[in-house]
Amino acid sequence: MTEVAAGHAERAFASWLHDHATAMESGSAGAVLETLDKNCWWRDLLALTWNLGTSHGHGPIAELLNQHLATARPASFAIDTGFGPVDAIDDNGTITGFFLFETPSAWCRGVATLAEVDGAWRAISMMTGMEDLKGHERAIGTRRPVGPRHLPGARSSHNWKDQRAEKVAYRDRDPETVVIGAGQGGLAVAANLGLMGVDTLVIERSERVGDGWRKRYHSLVLHDPVWADHLPYLPFPSSWPIYSAKDKIADWFEFYAEAMELNVWTQADMYESSYDAAAGRWTLKIRTPEGERVIHPQDVILATGAAAEVNLPEFPHREAFGGVSYHSSGHSSGGDWAGRKAVVIGACNSAHDIAQDLYESGAAVTMVQRSSTYIMSQEFGIPALFGANFVEGGPPTEYADLMASGTPWPRVLELAVEGTKATAALDADLLASLDAVGFKRNDGPGGTGLMGYALARGGGYYIDVGCSRLIAERKIHLVQGSGLAEFTESGVRLEDGRELEADLVVLATGYKNMRETARRVLGDEVADACPDVLGIGADGEIGGLYRPTGAPGFWFMGGPLAWVRIYSKHLALQIVARQKGVIPR
């Protein structure tokens with residue numbers, strides 16, 4: 001766009017923000033609605049509501065404003081000049097800009113997308129989000145800690161390393177919050193809580209931080225690009241590859257925990273828990289290499305991820321099978337199976353990756369596909385998913401995150417339909433080659449492709465990095481339309497009676513809902529109070545994640561790296577507000 005257009009966009013956004021701010025500060029819902037399109041999407045992330053939720057259209061937005069403007073009336077609006085407003089009107093004729101404001105309890109940021117409606121610029125979507133709780137701001141930027149050797153009365157006999165060892169040991173105090181799991185979700189929320197002044201302990205069953213990635217199958221590589229994958233406050237160096245190998249990301253997680261001074265116990269297994277509602281505290285019994293510990297935090301966050309609870313049906317006669325069988329989570333390398341027959345039960349990401357790994361290691365591989373799978377290539381599908389937001393030369397991460405969180409999940413699914421069609425057109429040759437060998441495909445729930453499956457259940461798709469070509473060329477044999485009925489001595493029998501010989505059977509049968517991990521770790525009472533994790537609810541938010549679960553003092557944390565970077569802050573803010581008495585527990 002020309003500089004004239006850029007200047008017009010800037011003036012238009014400034015004028016809109018002035019009118020919107022005046023209306024918000026007046027407390028008049030009617031005046032605010034005058035600045036919004038009648039079909040506007042408004043997502044609030046704690047700024048007005050102390051909740052995560054989406055309102056669509058003037059009626060629901062009016063309800064939101066009438067309920068909350070009296071107690072959380074925003075003030076001091078200003079354009080956020082760090083990156084914007086966007087310096088031109090885009091090809092869709094819209095303007096996106098960022099702004100700052102405050103409420104009585106918080107410092108906040110927002111993002112709005114404007115379109116010209118009936119001769120006036122009005123918001124067609126917007127997000128208002130809490131950044132910091134007043135009086136409990138994160139220790140970043142101008143609020144950095146001084147350092148241990150520069151404080152009055154610092155003891156010379158205790159250097160930084162000594163103090164860190166004392167803090168991690170928890171010999172003289174209880175942590176205020178315990179995070180179960182040191183994957184990306186656990187590390188991200190612990191980092192935010194720590195910077196907000198909440199004494200937080202992370203417990204991890206594995207020997208090392210990062211083992212959740214380090215110990216997975218040999219060929220595993222992340223599908224999301226580096227620009228989407230930064231952890232909070234510590235971005236990857238500019239030399240980092242676009243797609244991270246699993247061992248590289250595992251080592252980075254270990255480094256991150258040290259650099260962010262997170263309190264982590266590894267080889268720590270929580271085996272008993274209870275919650276005292278009167279005291280507002282948990283009792284957790286934990287086995288550690290140093291012996292049993294009993295601690296009493298106010299809050300517990302389950303951050304073991306969506307792949308913590310394997311879904312492994314009881315197939316008949318498995319014990320009679322003369323070869324080796326295991327769930328896909330137990331696969332490490334295909335190198336031991338060269339020259340032998342391998343059957344992979346399943347046809348989503350793990351199944352494809354493991355089948356390709358086994359084939360490239362010299363095994364004769366058969367994939368059993370019972371139901372259809374959504375397929376897209378990494379080459380065309382990943383850029384379509386992330387658009388211009390998480391790319392080389394794109395917006396700085398904090399602004400990319402604002403734009404991402406500024407698009408409500410129902411709107412994400414609407415947009416995904418066209419994106420799925422566009423990707424399929426680019427992948428036409430790949431998809432036709434799969435059709436030719438009988439591979440069954442679908443376009444995702446309601447045509448929403450990968451995003452629809454990811455939000456509904458975290459699986460059901462494959463991002464092609466080579467296995468589809470092997471299937472299309474019949475280098476990996478495909479058996480389609482029938483699931484596994486039982487094991488035999490020499491292999492497996494399918495539901496339609498066909499028998500497959502095998503030395504190895506990999507059961508890529510997926511994972512149970514994260515709520516079932518809560519059931520195993522914390523018991524039926526906690527799990528039964530919680531919703532299933534994932535799925536989009538009536539309020540437009542993901543079920544279970546990043547907000548109260550229904551069980552007191554218990555939270556779910558999880559998702560891909562971009563999600564946990566964005567929403568770990570919002571989860572931490574809710575915990576801080578409750579622990580510090582800003583809002584009721």
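**Helices, pockets and two unusual backbone angles**

Leaving aside neighbours within four places in sequence, Trp213 is in contact with Gln184, Leu220, Leu222, Lys246, Ile249, Ala250 and Phe253. The model is a predicted one, and this tryptophan is a handy place to start looking at it. Trp213 sits in helix H6, which covers residues 211-214. With a relative accessible area of 16%, Trp213 falls under the 20% cut-off and therefore counts as buried. Asp251 is 38 residues away from Trp213 along the chain, yet the two C-alpha atoms are separated by 9.2 Å.

Next up is helix H11, which runs over residues 409-426. Its 18 residues should span 26 Å at 1.5 Å a residue, and the C-alpha atoms at its ends are 25 Å apart, so expectation and model agree. That said, H11 does carry a kink of about 30°, and the kink is centred on Ala416. Ala416 also turns up among the buried residues of the helix, together with Trp409, Val412, Thr420 and Thr423. As for what lies over these buried residues, the cover includes two strands, E1 (36-45) and E17 (374-377), along with the helices H9 (378-386), H13 (449-456) and H17 (561-579).

Val412, one of the buried residues of H11, can be followed a bit further. Its relative accessible area is 16%, which is under 20%, so Val412 is classed as buried. Setting aside residues within four places in sequence, Val412 is in contact with Thr407 and Met451. Thr448 lies 36 residues from Val412 in sequence, and the C-alpha to C-alpha distance between them is 9.2 Å.

Helix H10, made up of residues 397-405, has its own set of buried residues: Tyr399, Ala400, Asp401, Leu402 and Ser405. Strand E1 and helix H17 appear in the cover here too, which also includes the strands E4 (94-102), E5 (106-117) and E6 (120-133). E1 and H17 thus feature in the cover of H11 and in that of H10.

Then there are the empty spaces. Searching the whole structure turns up 1 cavity of 30 Å³ or more, and the volume of the largest cavity comes to about 40 Å³. Its lining consists of Arg43, Leu52, Trp409, Glu541, Ile542, Leu545, Tyr546, Arg547 and Tyr567. By class, that lining splits into 6 nonpolar and 3 charged residues, with no polar ones. Trp409 links this cavity to the helix described above: Trp409 lines the cavity and is also one of the buried residues of H11.

The second largest pocket holds about 920 Å³ of space. A total of 27 residues line this pocket, and those nearest its centre are Pro145, Lys167, Leu195, Met260 and Glu261. Three elements each supply at least two of the lining residues, namely helix H4 (160-169), helix H5 (184-195) and strand E8 (200-204). The pocket lining breaks down into 15 nonpolar, 7 polar and 5 charged residues.

On to the backbone. Most residues other than glycine have a negative phi. Ser76 goes the other way, with a positive phi of about 55° although it is not a glycine. Ser76 belongs to strand E3, residues 75-79. At a relative accessible area of 45%, Ser76 lies between the 20% and 50% cut-offs and so is partly exposed. His317 is another non-glycine residue with a positive phi, in this case near 65°. His317 is located in the loop that joins strand E13 (299-302) to strand E14 (324-327). Its relative accessibility is 42%, so His317 also counts as partly exposed.

Finally, Ser372 is in the loop between strand E16 (364-369) and strand E17. E17 was met earlier as part of what covers the buried residues of H11. Ser372 has 31% relative accessibility and therefore counts as partly exposed. Not counting residues up to four places away in sequence, Ser372 touches Lys440, Arg441 and Asn442. Thr94, by contrast, is 278 residues from Ser372 along the chain, with 38 Å separating their C-alpha atoms.

Technical notes. Residues numbered from 1 in each chain as written. Predicted model: local features only at pLDDT ≥ 70, side-chain atom pairs only at ≥ 80, totals over all residues. Heavy atoms only, no water. 1 Å grid on protein atoms, 1.4 Å probe; cavity = no way out; pocket = protein on both sides within 12 Å on 5 of 7 lines; lining within 4 Å. Points joined across faces, edges and corners; volume = space filled by probe spheres on them. Nonpolar A, V, L, I, M, F, W, Y, C, P; charged D, E, K, R; others polar. Helix = DSSP H or I, 4+ residues; strand = E, 2+ residues; numbered from the N terminus. Expected span 1.5 Å × (residues − 1). Bend = angle between axes of the 7 residues up to and from the residue. Buried < 20%, exposed > 50% of the residue type's maximum accessible area, 1.4 Å probe, protein only. Contact = heavy atoms within 4.5 Å.
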